[in-house]
Amino acid sequence: MLDFLGDLRRTHTCGTLRPADSGQRAVLMGWVNRLRDHGNLIFVDVRDRTGVTQVVFNKELNPALHEKAAHLGSEYVIAVTGLVKQREPNLVNKNIATGEIELVAQELRILNVSKTPPFLPGEPVLPNEEMRLKYRYLDLRREKMQFNIEMRHKVSLAIRRYLAEQGFFDIETPFMTRSTPEGARDYLVPSRVYPGSFYALPQSPQLFKQILMISGFDKYFQIVRCFRDEDLRADRQPEFTQVDLEMTFPQPDRVFEVVEGFLTAAFRAAGQEIKTPFLRMTYDQAIRKYGSDKPDLRLPSMTDVRQAFAPENLKTLNVDPRLPVVAIRIPKVGELSRKERDDIKPLFGERRNAKLFEDAKRLEKSFPEAMAKVRELSGAEGDDLLVLVAGNEHPGEHPSESIVGPEVKQHDAAVYTAAGALRVALAQKYAERHGAFRRGDFHFLWVTDFPMFEWDEEGKRWAAAHHPFTSPHEKDMDKLESDPAAVRALAYDVVLNGTELGSGSIRIHRQDIQKKIFHALGMSDEEAKARFGFFLEALEYGTPPHGGIALGLDRIVMILAGADSLREVIPFPKTAKAVDLMVDAPTPVSEAQLKELGIAVRKKEMKA
């Protein structure tokens with residue numbers, strides 16, 4: 001027989017009682033975390049989101065109450081009234097915050113029962129992730145998940161407070177808008193009123209926040225849900241949350257100040273202090289030094305050591321003398337076995353434009369003077385792992401004729417990026433040895449001056465490297481038509497420990513420049529009007545200079561929680577196949593619903 005809660009009110013949560021409360025009457029409510037029957041004494045650990053308190057049911061003091069407690073099971077919901085008692089020193093449980101006290105039960109109300117759970121939230125051994133996601137309501141009862149979600153709340157609140165204090169308005173933008181596909185695919189929502197027409201869920205509030213700047217709101221922010229129908233990874237979800245902001249009349253420096261300010265507040269809310277201002281690096285510098293536009297600064301940068309080798313050395317090694325020879329240094333790895341050295345090759349893989357020289361010792365035997373210079377240039381010490389990556393020989397014209405950025409040449413970039421990928425793989429493989437990936441060691445970076453355009457080989461045209469509303473550098477305006485590859489964008493990314501937290505830019509506020517960008521992208525006036533007509537018209541009504549950024553809240557909390565997946569910090573995530581196992585979505589809908597929407601479902605033909 002279950003009990004009613006009635007007018008009983010809890011006096012304390014399960015993680016708050018301390019020795020100072022001894023002798024007080026307390027009412028606790030929560031779940032049965034664990035039950036131990038010792039005959040005349042039954043010990044029940046009662047759990048809520050604040051912690052656990054041990055409750056004692058003594059048969060000698062109250063036989064009927066003891067009998068009732070004997071029927072409790074895991075995850076039953078109960079309310080217990082009793083007296084707080086300090087434990088004897090030899091009975092203190094140092095593993096929990098309430099371990100110095102216990103509650104001697106005087107009344108028990110069983111408010112609800114529970115089926116035998118497929119796993120227990122209080123147990124340290126976890127089931128597989130599919131089981132956790134199917135029974136997410138049980139998984140969320142676990143202490144770690146409660147901690148992560150509480151941290152998410154604190155981080156979000158700190159960001160809101162900081163931006164509000166800086167004069168930003170929290171303004172909501174629509175979830176149902178028009179499809180303007182850029183990059184990832186849109187999620188489409190059919191209209192019942194207008195059969196054959198669709199809304200789209202926003203990939204970001206980009207155009208709306210720019211229109212808010214045109215509307216005179218000066219400073220906008222939103223912690224907003226966004227949607228992208230794209231392939232998933234550990235750090236991606238089809239629906240995600242971003243910290244979105246925009247302001248009028250800014251230089252990039254002003255955006256940087258605001259972001260550094262709210263990240264400082266957010267990390268402090270999670271008990272972490274960070275250093276500002278963040279380091280800054282151009283896109284070209286990032287590619288040369290790290291082979292990535294989101295470099296991890298916890299390990300040394302790469303070094304071009306081509307000058308260490310004489311031309312005849314490079315010829316002997318079948319290395320193109322026109323391309324970089326990149327030294328990767330991973331500190332304090334120590335001596336590698338033959339097998340460990342062989343394991344480096346699969347990390348590098350097969351690459352057409354770059355080759356691997358992982359055996360520095362072999363090179364030292366054949367080219368001692370060159371390798372001594374390599375160690376000097378790279379700063380390598382005796383116990384450091386030193387790996388070289390070079391460019392394969394290329395026939396024909398000088399490979400640097402083709403460029404991918406304002407300065408970095410295409411074939412040079414192929415060597416840098418190959419080396420950069422290997423650098424990250426080696427760093428992860430030998431993380432325990434070099435010890436650079438300590439929790440709480442945060443290395444932030446602003447990456448600036450991205451290329452405005454990137455070449456789309458499939459479409460044989462230039463595409464926007466960021467998005468088509470990003471402003472070019474003022475000094476590069478004259479290159480829009482004559483030399484698109486050399487145009488720098490007023491775009492910037494904020495990066496933390498090799499993870500891109502957010503991306504932003506100064507926007508185009510003049511219609512004549514916006515038209516030039518559309519033309520450079522091969523977009524006709526008619527196509528531009530069809531896709532962005534409402535926005536282009538808004539630009540005609542006194543648009544101020546403006547810019548902003550969006551940061552992934554899920555990624556920020558994931559890093560703060562020390563988690564490996566976004567699913568650890570999102571209450572109700574999807575799987576890697578975009579499935580919600582708990583509610584079993586997506587699912588087919590009835591023929592009646594489809595008919596009302598004017599939709600016929602055609603089975604997708606499977607490729608042989």
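This passage walks through the nonpolar cores, one helix, one pocket and a few unusual backbone spots of a predicted model.

Start with the packing. The largest nonpolar core takes in 45 residues, and the members touching the most others are Leu 163, Phe 262, Leu 263 and Phe 444. Helix 6, running over residues 252–269, chips in nine residues, the largest share of this core. Leu 163 gives a feel for the contacts: leaving aside residues up to four places away in sequence, Leu 163 touches Phe 168, Phe 221, Val 243, Leu 245, Val 258 and Phe 262. Apart from this core there is another one, of 44 residues, with Leu 336, Leu 422, Ala 489 and Ile 508 among them.

Helix 6 itself is 18 residues long and spans 26 Å from its first C-alpha to its last, close to the 26 Å expected at 1.5 Å a residue. Its buried residues include Val 255, Phe 256, Val 258 and Val 259, and then every position from Glu 260 through Phe 267. Phe 262 and Leu 263, already met as well-connected core members, are both on that buried list. After the helix comes Gly 271, with a positive phi near 85°.

Now for the open space. The second largest pocket has a volume of about 1,100 Å³. Its lining is made up of 34 residues, and those nearest the centre are Arg 47, Asp 48, Gly 51, Val 52 and Glu 143. Helix 4 (143–165) brings eight residues, the largest share of the lining. Strand 1 (25–37), strand 2 (41–48) and strand 3 (51–58) each supply at least two. By type, the lining splits into 13 charged, eleven polar and ten nonpolar residues.

A few backbone details are worth a look. Thr 276 and Pro 277 are joined by a cis peptide bond, with omega about -5°; Pro 277 sits in the loop between helix 6 and strand 11 (279–282). A cis bond also links Ala 585 to Pro 586, with omega about 5°, and Pro 586 belongs to the loop between helix 17 (553–561) and helix 18 (591–597).

Positive phi values also turn up outside glycine. Phe 249 has phi near 55° and lies in the loop between strand 10 (239–248) and helix 6. Asp 449 likewise has phi near 55°, in the loop between strand 16 (444–448) and strand 17 (453–456). As for burial, Phe 249 has a relative accessibility of 58%, so it counts as exposed, whereas Asp 449, at 18%, is buried.

Note on methods. Residues are numbered from 1 along each chain as its sequence is written. This is a predicted model: local features need pLDDT of at least 70, side-chain atom pairs count only at pLDDT 80 or more; totals for chains, interfaces and linings use all residues. Side-chain values use heavy atoms; hydrogens and water are left out. A nonpolar core is a set of buried Ala, Val, Leu, Ile, Met, Phe, Trp, Tyr and Cys residues joined through side-chain atoms within 4.5 Å. Buried means under 20% relative accessible area, exposed over 50%, partly exposed in between (1.4 Å probe, protein chains only). Helices (H or I, at least four residues) and strands (E, at least two) are DSSP runs, numbered from the N terminus. Contact means heavy atoms within 4.5 Å. On a 1 Å grid over the protein atoms alone, a cavity is a set of points where a 1.4 Å probe fits but cannot get out, and a pocket is an open set with protein on both sides within 12 Å along at least five of seven lines; lining residues have an atom within 4 Å of a point. Grid points are joined across faces, edges and corners, and a volume is the space filled by probe spheres set on the points. Ala, Val, Leu, Ile, Met, Phe, Trp, Tyr, Cys and Pro count as nonpolar, Asp, Glu, Lys and Arg as charged, and the others, Gly among them, as polar. The expected span of a helix is 1.5 Å times one less than its number of residues.
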